[in-house]
Amino acid sequence: MQRSVVSIWAVCIGSLLLAGCASGQRPAPTPSQAVPEAPVTTAQPTQNMATANTIPVTGMASDWVPPLLISPEEEAAYYVSRLADRRFVTSYGGSDNRRPWYIAAERLGQIGLPAVPLLFSRLDTTDEYEQMLVLYALQLATQDPQLMIRTRGEYIQLGVVLDPAHNAENAATAREWWQQHATQLSL
């Protein structure tokens, strides 16, 4: 009798352990999905954005990684679709120097060349926040080494970034770069 009670307890404990271990598992992201971790904090005021007074933080940057991306183009399309989402941001830095981390723009910068045509398709958006992030992502993405080889080291160099008040002049700079280098993107 004592042996059967011990066996029942062992089965129950083993089942609970297996259920507990299995419920929290998430597949590890592929290298193309890896996103730098940014610390989670409460919303803080920013000085860079004229249109928003706080940096909404809802989780770690890795929480925003989409599942099942097959190609860099699909990943770029996903992040371009998230540029206008003001919640798609976290922050980094010390408590005395909190900075926004624009997840979609940063990821598009890491994707590089495949993101550039998609970003240019969103350059004329009427949402000044989205346009600000499109321009920032273009500055980052055009520094892709594969693209810089094609453009002889030229990339979109913006004067003041992440300030909607400078969107018009930054968009003009981006269009000028596009006119000079659009043909190198399709080689």
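**Figure 1. Leucine 140 in helix α5 of the predicted model**. Leucine 140 belongs to helix α5. Leucine 140 is partly exposed, because its relative accessible area of 23% falls between the 20% limit for buried and the 50% limit for exposed residues. Apart from neighbours within four places in sequence, the contacts of leucine 140 are Ala105, Glu106 and Gly109. For glycine 109, the C-alpha atom is separated from that of leucine 140 by 4.4 Å, although the two residues are 31 apart along the chain. Ala105, Glu106 and Gly109 are also among the buried residues of α3, the helix shown in the next view.

**Figure 2. Helix α3 and the elements that cover it**. Helix α3 spans residues 103-111. Of its 9 residues, 8 are buried, so helix α3 is largely enclosed by the rest of the structure. The buried residues are Ile103, Ala104, Ala105, Glu106, Arg107, Leu108, Gly109 and Ile111. Both Glu106 and Arg107 are on this list, and both count as charged. The cover over the buried residues of α3 includes the helices α2 (72-81), α4 and α5 and the strands β1 (89-92) and β2 (99-102). Helix α5 is also the element that holds leucine 140. Just after α3 comes glycine 112, with a positive phi of about 75°.

**Figure 3. Threonine 90 in strand β1**. Strand β1 is one of the elements that cover the buried residues of α3, and threonine 90 lies in this strand. Threonine 90 is buried, with a relative accessible area of 0%. From threonine 90 to tyrosine 102 the distance is 6.7 Å, C-alpha to C-alpha, and the two residues are 12 apart in sequence. Elsewhere in the model, ring pairs link Tyr78, Tyr79 and Phe88 into a cluster.

**Figure 4. Phenylalanine 120 and its two tryptophan partners**. The structure holds 7 aromatic pairs. In one of them, the ring centres of phenylalanine 120 and tryptophan 177 are 6.1 Å apart and the planes lie at 5°, so the pair is stacked. This pair links distant parts of the chain, with phenylalanine 120 in helix α4 (residues 116-121) and tryptophan 177 in helix α7, 57 residues apart. Phenylalanine 120 is buried, with a relative accessible area of 12%. Tryptophan 177 is buried as well, with a relative accessible area of 4%. In another pair, phenylalanine 120 and tryptophan 178 have ring centres 4.3 Å apart and planes at 35°, so the pair is tilted. Here too distant parts of the chain are linked, since tryptophan 178 is in helix α7 and phenylalanine 120 in helix α4, 58 residues apart. Tryptophan 178 is partly exposed, with a relative accessible area of 28%.

**Figure 5. Threonine 151 in the loop between α6 and α7**. Threonine 151 lies in the loop that joins α6 (145-150) to α7. Threonine 151 is buried, with a relative accessible area of 0%. Leaving aside neighbours within four places in sequence, threonine 151 is in contact with Trp177 and His181. Trp177 is the residue whose ring stacks on that of phenylalanine 120 in the preceding view.

**Figure 6. The cavity and its lining**. Searching the whole structure finds 1 cavity of 30 Å³ or more. The space in this largest cavity is about 30 Å³. Its lining is formed by Met132, Leu135, Tyr136, Leu158, Val160, Val161, Leu162, Asp163, Asn167 and Asn170. Two elements, α5 (128-141) and α7 (167-185), give two or more residues to the lining. Helix α5 gives the most, with 3 residues. By class, the lining has 7 nonpolar, 2 polar and 1 charged residues.

**Figure 7. Model confidence along the chain**. The protein chain has a mean pLDDT of 78, and 63% of its residues reach 70 or more. Confidence is highest in α5, at a mean of 98, and lowest in helix α1 (residues 2-23), at 54. Over residues 19-58 the pLDDT stays under 50, and the model has 81 contacts beyond four places in sequence for this stretch. Where pLDDT is low, the predicted coordinates should not be read in detail.

Conventions: Residues numbered from 1 in each chain as written. Predicted model: local features only at pLDDT ≥ 70, side-chain atom pairs only at ≥ 80, totals over all residues. Heavy atoms only, no water. 1 Å grid on protein atoms, 1.4 Å probe; cavity = no way out; pocket = protein on both sides within 12 Å on 5 of 7 lines; lining within 4 Å. Points joined across faces, edges and corners; volume = space filled by probe spheres on them. Helix = DSSP H or I, 4+ residues; strand = E, 2+ residues; numbered from the N terminus. pLDDT = per-residue confidence, 0-100. Contact = heavy atoms within 4.5 Å. Phe/Tyr/Trp six-rings, centres within 6.5 Å; stacked < 30°, edge-to-face > 60°. Buried < 20%, exposed > 50% of the residue type's maximum accessible area, 1.4 Å probe, protein only.
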